[in-house]
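Please walk through this structure with the model open beside the text. The account begins at a point in a loop and then turns to the cores, the helix contacts and the aromatic rings.

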Amino acid sequence: MTNHKTSILFLYSDTGGGHRSAAEAIIEALHLEFPDQFETNMVDIFRKYAPLPLNYAPEIYPHLSRHPRMWKLTYEAIDGTRRIRFFYDAIWPYLRRAVHHLLKENSVDLIVSVHQLVNIPLLRAKLNSSSRFVTVVTDLVSTHSAWYHPGADLVIVPTIPAREKALKNGLPPEKIMVIGQPIAEKYTIKTKTKKELREYFGWNQDLTTVLLVGGGEGMGNLERHAVAINGSNLPLQLVIVTGRNQQLKKKLEAMQWNIPVHIFGFVKEMPEFMQAADLLLTKAGPGTISEAFIAGLPILLYSRIPGQEDGNIGYVVNQGAGAWVPNPSDMVVYLRGLINNPTEMEKISQKSKQLAKPNATREIARALEKQANLSRINRQ
């Protein structure tokens with residue numbers, strides 16, 4: 001008799017929040033923890049199954065995120081147990097065929113969702129399915145009610161505030177696990193010293209190194225903060241990662257720089273960049289913040305997506321791991337204070353490191369293995 005591998009389907013979408021990278025990180029951890037035991041597959045649920053115009057959500061998202069007021073209004077309008085239930089009741093006839101199609105085409109032992117907008121409709125349609133369903137929440141603190149449905153077999157959250165929101169939305173405590181943010185294995189591995197990394201990248205060894213990033217799409221007021229640093233006369237070097245925003249990259253490359261600067265587009269060396277840097281200046285994305293914790297970087301937050309990233313600011317600031325500096329001039333003042341006070345910078349670095357959960361992804365993988373085995377037992 002052939003011993004079939006346990007099958008797991010990961011549902012994500014390229015609509016910000018690092019959903020794809022979270023799914024990839026968990027899949028990597030599963031195969032590291034349980035070699036040759038699982039057959040894993042990733043599906044962009046919007047691109048492959050959503051009806052028009054939702055199937056264009058990955059293309060629409062970057063444009064929507066550049067209108068924070070509209071985003072905030074939409075986010076808050078459907079947040080809350082009753083509001084989200086009413087919202088999905090209203091659009092269920094529109095989604096029903098697509099959701100049933102997805103379940104019919106993917107007969108697996110375990111479904112894992114890393115995207116908040118798919119959980120409620122899928123669990124509504126899954127009533128007669130033997131597949132188990134796990135939600136891995138990839139927002140750090142301010143989590144939307146769409147993440148939570150009591151029909152899930154398990155909901156894995158990154159923080160205590162996220163657990164509290166799950167309880168508020170009717171999830172029983174035994175279905176909630178607080179583990180951490182899923183982060184790729186490469187962020188937990190150090191093969192070179194800071195000095196060796198800077199030598200490899202051709203960066204100055206002696207200057208304070210500020211890493212400025214804006215997420216995969218190079219969003220937020222990245223350019224304004226780069227310009228402010230350039231005019232600050234601070235003794236530092238600036239490493240800028242613009243992500244997929246090629247227009248911004250070209251614009252920055254054409255600037256007249258008064259300080260040593262290194263400009264990159266989308267990079268795969270972000271773990272090494274963080275290990276080689278002294279400070280991180282970034283938008284308040286949950287993945288980037290969690291990666292910075294592992295690197296022990298003081299975190300200066302200059303931008304956030306209203307709603308889902310609001311709580312990330314308080315989480316960083318209240319724990320003493322960094323500051324909220326949306327105003328470029330305030331950012332320069334704060335940066336100057338840190339550069340002039342290395343003891344304070346080291347203190348903040350240690351606070352950041354204390355918030356790190358480098359084993360979280362492996363723990364998530366072990367939790368999913370248990371759920372997948374329960375599914376196989378129930379099918380036999």
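In this predicted model, asparagine 233 counts as exposed, because its relative accessibility is 73% and the cut-off for exposed is over 50%. Asparagine 233 sits in the loop that runs between helix H9 (222-230) and strand S8 (236-241), and its phi is positive, at about 60 degrees, although the residue is not a glycine. Most residues other than glycine have a negative phi, and most peptide bonds are trans. Against that background, aspartate 36 can be read alongside: its phi, too, is positive and near 60 degrees in a residue other than glycine. Aspartate 36 is placed in the loop between helix H1 (19-33) and strand S2 (38-44), and with a relative accessibility of 64% it counts as exposed. A further backbone feature concerns the peptide bond rather than phi, for leucine 52 and proline 53 are joined by a cis peptide bond with omega at about -5 degrees, and proline 53 belongs to the loop between H2 and H3.

From these loops the path leads to the interior. In soluble globular proteins, nonpolar side chains tend to be buried together. The largest nonpolar core of this model has 35 residues, of which Leu11, Leu102, Leu122 and Tyr148 touch the most other members. At least two residues of this core are supplied by each of strand S1 (6-12), helix H2 (45-49), helix H5 (81-105), helix H6 (119-125), strand S5 (154-157) and helix H7 (160-168), and the largest share, 7 residues, comes from H5. Leucine 11 illustrates how distant parts of the sequence meet: leaving aside residues up to four places away in sequence, leucine 11 touches Val43, Ile45, Leu102, Ile111, Val112, Ser113, Val114, His115, Val118 and Leu122. A second core, separate from this one, comprises 33 residues, among them Trp203, Leu211, Val239 and Ala292.

Two buried residues help to show the surroundings of members of that second core. Threonine 209 is placed in strand S7 (residues 208-213) and counts as buried, with a relative accessibility of 0%. When residues up to four places away in sequence are not counted, the contacts of threonine 209 are Arg198, Trp203, Asn204, Gln237, Val239, Ala276, Ala277, Asp278 and Leu279. Leucine 280, found in strand S10 (residues 279-283), is likewise buried, with a relative accessible area of 0%. With the same exclusion of residues up to four places away in sequence, leucine 280 touches Leu211, Val213, Met274, Thr288, Ala292, Leu297, Pro298, Ile299 and Leu300. Between leucine 280 and arginine 304 there are 15 Å in space, C-alpha to C-alpha, for a separation of 24 residues in sequence.

The helix contacts come next. Two packed helices are described by the angle between their axes and the distance between the axes. Helix H3 (residues 57-65) packs with helix H4 (residues 68-77) at an angle of about 110 degrees, the axes being 7 Å apart, and H3 is therefore roughly perpendicular to H4. Tyr61, Leu64 and Ser65 of H3 make this contact with Pro68, Met70 and Trp71 of H4, and these residues divide into 5 nonpolar, 1 polar and no charged. Helix H14 (residues 328-339) and helix H15 (residues 342-354) pack at about 105 degrees with their axes 6 Å apart, so that H14 and H15 are also roughly perpendicular to each other. Here the contact is formed by Tyr334, Leu338 and Ile339 of H14 together with Pro342, Glu344, Met345 and Ile348 of H15; its residues divide into 6 nonpolar, no polar and 1 charged.

The aromatic rings complete the picture, and a search of the whole structure finds 8 aromatic pairs. In one of them, phenylalanine 34 and phenylalanine 38 meet edge-to-face, 5.8 Å centre to centre and with 85 degrees between the planes. Phenylalanine 34 counts as buried at 14% relative accessibility, as does phenylalanine 38 at 3%. Tyrosine 200 and phenylalanine 201 also form an edge-to-face pair, at 5.3 Å centre to centre and 70 degrees between the planes, but tyrosine 200 counts as exposed at 63% relative accessibility. Ring pairs further link Tyr200, Phe201, Trp203, Phe264 and Phe273 into a cluster, and Trp203 of this cluster is also a member of the second core.

Definitions and conventions: Residues are numbered from 1 along each chain as its sequence is written. This is a predicted model: local features need pLDDT of at least 70, side-chain atom pairs count only at pLDDT 80 or more; totals for chains, interfaces and linings use all residues. Side-chain values use heavy atoms; hydrogens and water are left out. A nonpolar core is a set of buried Ala, Val, Leu, Ile, Met, Phe, Trp, Tyr and Cys residues joined through side-chain atoms within 4.5 Å. Buried means under 20% relative accessible area, exposed over 50%, partly exposed in between (1.4 Å probe, protein chains only). Helices (H or I, at least four residues) and strands (E, at least two) are DSSP runs, numbered from the N terminus. Contact means heavy atoms within 4.5 Å. Axes are lines fitted to C-alpha atoms, for helices over the stretch in contact, and angles run from 0 to 180 degrees between N-to-C directions. Angles under 35 degrees count as roughly parallel, over 145 as roughly antiparallel, 65 to 115 as roughly perpendicular and the rest as oblique. Ala, Val, Leu, Ile, Met, Phe, Trp, Tyr, Cys and Pro count as nonpolar, Asp, Glu, Lys and Arg as charged, and the others, Gly among them, as polar. Rings of Phe, Tyr and Trp (its six-membered ring) pair if their centres lie within 6.5 Å; planes under 30 degrees apart count as stacked, over 60 as edge-to-face and the rest as tilted.
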